[in-house]
Amino acid sequence: MVLSPRFEDALRHDLYGKSRLPFFILEKQMMRDYPLHYHNLAELSLVVSGTGTEILNGKPHRFKRGTVSLLLPHHIHEIRLDRPPVHKYNCMFDIHHLFLNASDQELSRYVMKTGELLPSHYELDEEQTVYMIRWFESVKLEYESDRFAKESSLRAKLLEVLVFLTRTFIGRPEPAPSANPSPHQWAELLHYVHLNYHEQLSLTGLAERFHWNATYISRLFKRHVGQTFIHYLYALRVQRAASLLATTDMEVVDIAVEVGFDHVKALRRAFLKLTGKTPTQYREQLRLNE
């Protein structure tokens with residue numbers, strides 16, 4: 001079976017654009033499974049009712065009422081329902097916009113390591129679940145309103161809920177590692193690339209980490225995603241760069257470093273090859289469209 005996660009551009013969602021903050025929220029009744037995919041925004045979700053299995057970065061977990069999932073940009077997930085419908089809230093946002101103050105750095109250090117320092121999902125008790133439902137309802141009302149300082153309110157609410165989730169985890173004992181390693185080692189490698197695309201990854205480094213031959217890993221990328229490793233890596237970086245160009249005023253040179261390129265020229269070359277525009281042209285076109 002070919003394992004190739006689908007990229008979904010959250011910035012093109014119908015509900016996106018009701019505030020200047022890169023953000024949208026929705027309540028939905030899921031009627032079908034959702035295949036392997038990833039976004040250019042972070043995603044926070046809450047299950048209100050229904051059961052099934054979600055696979056987050058290669059790790060499956062059961063979900064039910066009170067299950068909260070948190071994914072950073074380019075984290076991979078898949079949803080399999082036991083039976084429809086599953087009632088969920090979803091909130092999509094650009095996490096870069098939350099940690100703008102020096103006082104946010106402690107929280108930022110944890111949240112940006114979701115999947116490592118912090119878990120990708122939380123199981124809440126009923127009291128905590130009611131709190132989260134009320135939070136989603138209040139954020140949805142705020143997003144759909146035209147109130148004064150709406151963006152500031154949304155940002156404050158997002159920080160509030162991230163603090164809440166972090167506090168439910170900090171201080172818990174570390175879970176024991178699984179005695180049964182995953183049989184899907186290719187999936188684990190792909191998830192690792194999605195989690196660390198902004199680092200200086202290489203076939204040699206992946207070979208050392210996963211104890212495989214670099215040539216074999218190269219063949220796996222061609223077989224499963226139809227691209228070379230470097231092309232796939234650059235596509236992840238360009239997708240994140242496009243999101244930052246669209247939602248921030250960061251300089252192109254800073255974006256290049258943020259997404260993992262060692263020089264702005266490397267970002268320009270990759271961006272031009274994959275989009276047909278330079279980063280500057282891409283941003284200018286977006287602003288003209290707006």
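**Close-up views of a predicted model**

**View 1. Helix H4 and helix H6 are roughly perpendicular to each other** (65 to 115 degrees; under 35 is roughly parallel, over 145 roughly antiparallel, the rest oblique). Helices (H or I, at least four residues) and strands (E, at least two) are DSSP runs numbered from the N terminus. The model is predicted: local features need pLDDT of at least 70 and side-chain atom pairs count only at 80 or more, while totals for chains, interfaces and linings use all residues. Residues are numbered from 1 along each chain as its sequence is written, and side-chain values use heavy atoms, without hydrogens or water. H4 covers residues 185-195, and its axis comes within 12 Å of the axis of H6, crossing at roughly 90°. Axes are lines fitted to C-alpha atoms (for helices, over the stretch in contact), with angles from 0 to 180 degrees between N-to-C directions. On the H4 side, Trp 186, Leu 189, Leu 190 and Val 193 take part in the contact (heavy atoms within 4.5 Å). Their partners in H6 are Ile 217, Leu 220, Phe 221, His 224 and Val 225.

**View 2. Helix H5 meets helix H6**. H5 spans residues 203-210 and H6 spans residues 214-225; their axes come within 8 Å and cross at roughly 105°. This crossing makes H5 roughly perpendicular to H6. Leu 203, Thr 204, Leu 206 and Ala 207 are the H5 residues in the contact. From H6 come Ala 214, Ile 217 and Ser 218. Ile 217 thus appears in the contact with H5 and also in the contact with H4. The loop between H5 and H6 holds His 211. His 211 has a positive phi, near 60°, and is not a glycine. Most residues other than glycine have a negative phi, and most peptide bonds are trans. With a relative accessible area of 71%, His 211 is exposed (over 50%; buried is under 20%, partly exposed in between; 1.4 Å probe, protein chains only).

**View 3. The largest nonpolar core has 39 residues**. Such a core is a set of buried Ala, Val, Leu, Ile, Met, Phe, Trp, Tyr and Cys residues joined through side-chain atoms within 4.5 Å. The members that touch the most others are Phe 23, Leu 44, Cys 91, Phe 93 and Phe 136. At least two core residues come from each of four strands: E2 (23-30), E4 (42-49), E7 (67-71) and E9 (86-93). Helices H1 (105-111), H2 (126-143) and H3 (150-169) also supply at least two each. H3 gives the most, with eight residues. Another core, of 21 residues, lies apart from this one; among its members are Ile 76, Leu 190, Tyr 197 and Leu 206.

**View 4. Ser 45 sits in strand E4**. Ser 45 is buried, at 2% relative accessible area. Setting aside neighbours within four places in sequence, its contacts are Thr 67, Val 68, Ser 69, Lys 88, Tyr 89, Asn 90 and Phe 136. One of these, Phe 136, is also among the members of the largest core that touch the most others. Leu 288 is 243 residues from Ser 45 in sequence and 33 Å from it in space, C-alpha to C-alpha.

**View 5. The buried residues of helix H10 are Pro 279, Tyr 282 and Arg 283**. H10 runs over residues 279-289. Seen down the axis of H10, these residues fall within an arc of 95° (taken from the directions from the axis to the C-beta atoms), so they line one face of the helix. Their cover includes helix H7 (229-247), helix H8 (252-259) and helix H9 (264-275). H7 also holds His 231, which is partly exposed at 36% relative accessibility. The C-alpha atoms of His 231 and Lys 150 are 40 Å apart in space, with their positions 81 residues apart in sequence.

**View 6. Pro 85, Asn 57 and His 96 each lie in a loop**. Pro 85 is in the loop between strand E8 (77-81) and E9. A cis peptide bond, with omega about 0°, joins Pro 84 to Pro 85. The loop between strand E5 (52-56) and strand E6 (59-63) contains Asn 57. Asn 57 is not a glycine, yet its phi is positive, about 50°. Asn 57 counts as buried, at 10% relative accessibility. His 96 lies in the loop between E9 and H1 and counts as partly exposed, at 25%. Beyond its neighbours within four places in sequence, His 96 is in contact with Arg 240, Leu 244, Thr 248 and Met 250. Ala 42 is 54 residues from His 96 along the chain, and their C-alpha atoms are separated by 9.4 Å.
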